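Me: I'm new to this one, so could you walk me through it and tell me how each label is earned?

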Amino acid sequence: MTATRSRDEILQILSRVCDPEIPVLTVLDLGIIRDVSVENDSSVIVTITPTYSGCPAMRLIETEIRAVLVEAGIPDPVIRTILHPAWTTDWMTPAGREKLERFGIAPPQPRDQHPPCPRCHSRNTRELSAFGSTACKALWQCQDCKEPFDYFKCH
Amino acid sequence: MSAPDSPLFLFARHMGDNGLILGHRLSEWCGHGPVLEQDITMTNIALDLIGQARLYYQLAAEMHPSDLTEDDIAYLRPERAYSNVLLVEQPNGDFAHTVLRQFLFDAWHLPFLHRLCDSPESGLGEIAAKAVKEVSYHYRWSREWVIRLGDGTEESHRRMTQALDDLWIYREELLLPSDWEQTLIRSEIIPDPDVLRPEWQHAIHATLSEAGLPIPQTPVIQQGGKNGIHTEHLGHLLAELQYMQRAYPGQVW
């Protein structure tokens with residue numbers, strides 16, 4: 001017999017799952033957990049949405065969500081993937097944005113604004129390539145301290 | 001004898017085929033791009049397109065009466081059962097050919113997806129709403145490079161002009177509906193190409209003119225891909241794409 005977990009407890013458990021490509025961000029920081037529900041029979045349904053259609057981390061994230069829930073004593077969690085509404089960087093939490101910046105990745109900016117350099121905070125930056133080391137990032141460079149840096153694209 | 005496939009199934013599979021084949025072509029650049037940033041760009045676009053193809057194939061597999069899976073659709077069909085447009089299967093050629101192929105595809109793909117977002121068929125609309133964000137980046141990239149190369153050096157201009165001569169005949173097929181598309185257009189499930197055409201034509205002409213490239217005058221149109229009649233290149237591509245599943249049937253990661 002397993003005790004029924006509250007929604008908050010489930011969210012607490014999920015905060016242990018990180019994005020494998022940006023390990024400072026949890027799945028909650030990223031905003032890809034769209035819903036958590038605890039049914040009358042204590043079963044748990046977690047609804048997630050992909051960041052990009054081709055994001056290779058999605059399958060791994062799903063596996064890790066399942067693993068932490070099972071480890072916490074939830075025997076058979078259901079993980080659903082939805083596409084609608086499409087994920088947007090607006091769902092990234094303020095905490096997530098701060099963690100990104102400390103990690104050296106400029107967080108998403110309002111459209112048409114240059115991201116500030118995560119090292120010297122200058123806004124005098126330029127785009128080197130709209131595509132970067134993962135689907136969600138672009139490559140930028142600071143024109144003042146000259147450091148190239150990753151920018152988490154506004155999406 | 002099983003019932004014929006529905007127009008909706010055929011369309012979802014066709015959209016997946018366009019993404020898978022173009023994505024595969026772009027992935028052939030991996031490790032060979034002219035500079036690192038462009039190598040990364042082409043593989044990123046490949047990843048987006050293959051991700052989108054998976055969504056379309058999953059949708060097609062769900063609506064199919066048999067227990068078909070997305071992998072069956074991707075890996076276990078002969079060439080004649082692929083319905084991608086001829087444009088996307090054309091070889092990479094030089095960087096100019098790859099850039100122009102991408103631009104001709106994106107110039108159609110982006111406005112098409114914008115309209116497909118409103119499809120009453122929610123499965124299609126949801127994929128389109130996801131894909132349109134990614135494809136707007138693709139279009140921005142390919143358009144910029146057409147201009148940069150067309151308006152670049154003598155050699156880059158010559159290579160772009162050659163690419164235009166080689167690929168121009170394939171662009172029209174994107175706007176020539178197959179029988180199953182006709183059915184979906186009539187029931188307003190997918191966008192009408194006649195509505196799309198002015199915007200598409202304008203985007204192409206404006207970009208070529210900014211790039212200083214001549215708009216080819218040939219009346220020749222090459223088509224057939226939507227009905228499974230392909231150029232010789234697709235068979236070679238599939239030989240590589242399907243190799244593992246053909247050599248070791250049913251293998252999984």
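**One helix and its sheet**

Me: Which residues of H3(A) are buried, and what makes them count as buried?

Reply: This is a predicted model. In H3(A), the buried residues are Met58(A), Ile61(A), Ile65(A), Val68(A) and Leu69(A). Buried means under 20% relative accessible area, so each of these falls under that cut-off.

Me: How do you know that the buried residues line one face of H3(A)?

Reply: Look down the axis of H3(A): its buried residues fall within an arc of 100°, so they line one face. In general, an α-helix has 3.6 residues a turn, so residues three or four places apart point the same way.

Me: Why are Arg59(A) and Glu71(A) called exposed, and where do they sit?

Reply: Exposed means over 50% relative accessible area, so both are over that value. They sit on the face of H3(A) turned away from its buried side.

Me: What covers the buried residues of H3(A)?

Reply: The cover includes helices H1 and H2 and strands S1, S2 and S3 of chain A. H3(A) packs on the sheet, touching those three strands, and its direction makes about 160° with that of S2(A).

Me: What makes S1 and S3 of chain A edge strands?

Reply: The open sheet has the order S1-S2-S3. S1 and S3 of chain A each pair on one side only, and that is what earns the name.

Me: How do you know that S2(A) and S3(A) pair?

Reply: Pairing needs at least two bridges, and four join S2(A) to S3(A), so they pair. The two strands run parallel, and Ile45(A) has Val78(A) as its bridge partner in S3(A).

Technical notes. Residues are numbered from 1 along each chain as its sequence is written. Chains are lettered from A and ligands numbered from 1 in the order in which they are written. This is a predicted model: local features need pLDDT of at least 70, side-chain atom pairs count only at pLDDT 80 or more; totals for chains, interfaces and linings use all residues. Side-chain values use heavy atoms; hydrogens and water are left out. Buried means under 20% relative accessible area, exposed over 50%, partly exposed in between (1.4 Å probe, protein chains only). The arc is that of the directions from the helix axis to the C-beta atoms. Contact means heavy atoms within 4.5 Å. Axes are lines fitted to C-alpha atoms, for helices over the stretch in contact, and angles run from 0 to 180 degrees between N-to-C directions.
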